[in-house]
Amino acid sequence: MFQHLVESLPRRVEAVIAAKGSENEGKAEGVSESETKPDTGLPEVPVPADDTPEVLNKALSGLSSRWKNWWVRGILTLAMISFFFIIIYLGPMVLMLIVLCVQIKCFQEIIHIGYSVYHSYHLPWFRTLSWYFLLCVNYFFYGETVTDYFFNLVQREEPLRILSKYHRLISFALYLTGFCMFVLSLVKKHYRLQFYMFGWTHVTLLIVVTQSHLIIHNLFEGMIWFIVPISCVICNDIMAYMFGFFFGRTPLIKLSPKKTWEGFIGGFFSTVVFGILLSYVMAGYSFFVCPVEFNSDHNSFEVDCVPSDLFQLQDYALPATLESLTGWPTVRLYPFQIHSISLSAFASLMGPFGGFFASGFKRAFKIKDFANTIPGHGGIMDRFDCQYLMATFVNVYIASFIRGPNPAKVVQQLLALRLDQQLNIFNSLKSHLIERGLLEDVA
């Protein structure tokens, strides 16, 4: 037992020992068993105070805490859904701006937890470097996106053309500057803690910035690829809560004691039905299904196209069993509705694991929520823990089953070549088409 304590103690209380000096070394020799439990060497993160609006507190004062929380969550959920409808109406560019704002807020909430630990030792530059790395990573990702999707705009403007040409070099130089600043900030006796926090920042960037950037990519494929997945996660969260609140009896997972199997199963079937119905409604509008494109003639972003086959109604033959039950030999659906079953199933079965992951993270630091931004719901990260996992799945799904070669992007890349290179490609393509019999050799 003593050997086990000696081996495990330095990993748990090394930061406290380094900060407190010889006083804590004396305490460590007589450490109790409770002090060997995980995370006792880290300062506790302050728990956010209850910021429920006073008007709601007064209106719901006669209710039990369980029903009061139900009403607060319900009212704020309706408010957030209304806000979601408004930004959808304002169009894709506003949606992209909102995604960026959400990303920054989620990053701030996670970094603040780390800062509460790090600041206890009065070590320099952690918050400054964290925000600097956020700036660098966003510059890299959004620069790649602008070059990829708005090639014509970039090529027309000389400053943008130069920034595009040397974009990765500039991005690397910016990151290298931050890397050198971190090395210069290292303080004797606190190296390990500082490297912990360096890793904290980079994992946060990986989870928040990379996955929020995938949301932007999904949005460029058409607003329906943004709205349906997000709505499925919201529906699953609401319906799982409702089924669990009224019918929940069987605990689902220890990380989230309030989650129940009844809520999980009820949320699954509700979300699949919701996804099919929502997809049917949205697939008929070009505003939702057309990709976002830049019109160089009008110098504006447009959402206008002839919908692809994915958004054209088609007849599907029903299996014999379903035909006997319904009396319908066929059903008329959009192909996207078939894909929506995969999206809603993932939102119901795998999406909650993003929430379980966040629950484990919060338990590790003994906090209830990431912040108290939204009364009854916690912080923005508490609402988007499942959304980021969902965004990654949608991006992978589009790349695997939906997106094919894009002729417009091929032409953009060809136009960026020198004239002699364009001519060589033209002659090679011409020879290939003649060999296939698609062109006649007029020579």
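Is Phe288 buried or exposed? Hold that thought for a moment, everyone, and let me show you around. What you have in front of you is a predicted model, and I'd like to walk through it in a few stops.

Back to my opening question. Phe288 is buried, with a relative accessible area of 18%. Its sequence neighbour Phe287 is partly exposed, at 31%. The dividing value here is 20%, so Phe288 falls under it and Phe287 does not. The structure holds 26 aromatic pairs, and Phe287 with Phe288 is one of them: their rings meet edge-to-face, 5.3 Å centre to centre, with 70° between the planes. Elsewhere, Tyr132, Phe133, Tyr175, Phe182, Phe195 and Phe198 come together as one aromatic cluster.

Now to the inside. The largest nonpolar core has 74 residues, and Ile224, Trp225 and Phe226 are the ones with the most contacts inside it. Which helix gives the most to this core? That is H10, with 11 residues. And here Phe288 comes back into the story: leaving aside neighbours within four places in sequence, Ile224 touches Phe288, and also Pro229, Met282, Ala283, Val289, Phe311 and Phe336.

Let's stay with H10, then. Helix H10 covers residues 191-220, which makes 30 residues. From first C-alpha to last, H10 reaches 43 Å, close to the 44 Å expected. Do look along H10 on your screens, though, and find Leu205: a kink of about 30° is centred there. Just after H10 ends, Gly222 takes a positive phi of about 140°.

Helix H17 is another one to look at. H17 runs over residues 380-402, 23 in total, and reaches 31 Å against an expected 33 Å, which is again close. Where does H17 bend? At Cys386, by about 30°.

Last stop: the record. An unreviewed UniProt entry lists "transmembrane region" for residues 70-102, 123-142, 169-187, 194-216, 222-243, 264-288 and 336-358. How do two of those spans look in the model? Residues 123-142 are 85% helix and 0% strand, and their end C-alpha atoms lie 31 Å apart. Residues 336-358 are 96% helix and 0% strand, with their end C-alpha atoms 31 Å apart.

So, if you open the model after this meeting, you could begin at Phe288, buried as it is, go across to Ile224, which is in contact with Phe288, and then follow H10 to its kink at Leu205. Thanks for listening!

Definitions and conventions:
Residues are numbered from 1 along each chain as its sequence is written. This is a predicted model: local features need pLDDT of at least 70, side-chain atom pairs count only at pLDDT 80 or more; totals for chains, interfaces and linings use all residues. Side-chain values use heavy atoms; hydrogens and water are left out. UniProt positions are given in the numbering used here, feature names are shortened, and annotations may be inferred rather than shown by experiment. Helices (H or I, at least four residues) and strands (E, at least two) are DSSP runs, numbered from the N terminus. Rings of Phe, Tyr and Trp (its six-membered ring) pair if their centres lie within 6.5 Å; planes under 30 degrees apart count as stacked, over 60 as edge-to-face and the rest as tilted. Buried means under 20% relative accessible area, exposed over 50%, partly exposed in between (1.4 Å probe, protein chains only). The expected span of a helix is 1.5 Å times one less than its number of residues. The bend at a residue is the angle between axes fitted to the seven residues ending there and the seven starting there. A nonpolar core is a set of buried Ala, Val, Leu, Ile, Met, Phe, Trp, Tyr and Cys residues joined through side-chain atoms within 4.5 Å. Contact means heavy atoms within 4.5 Å.
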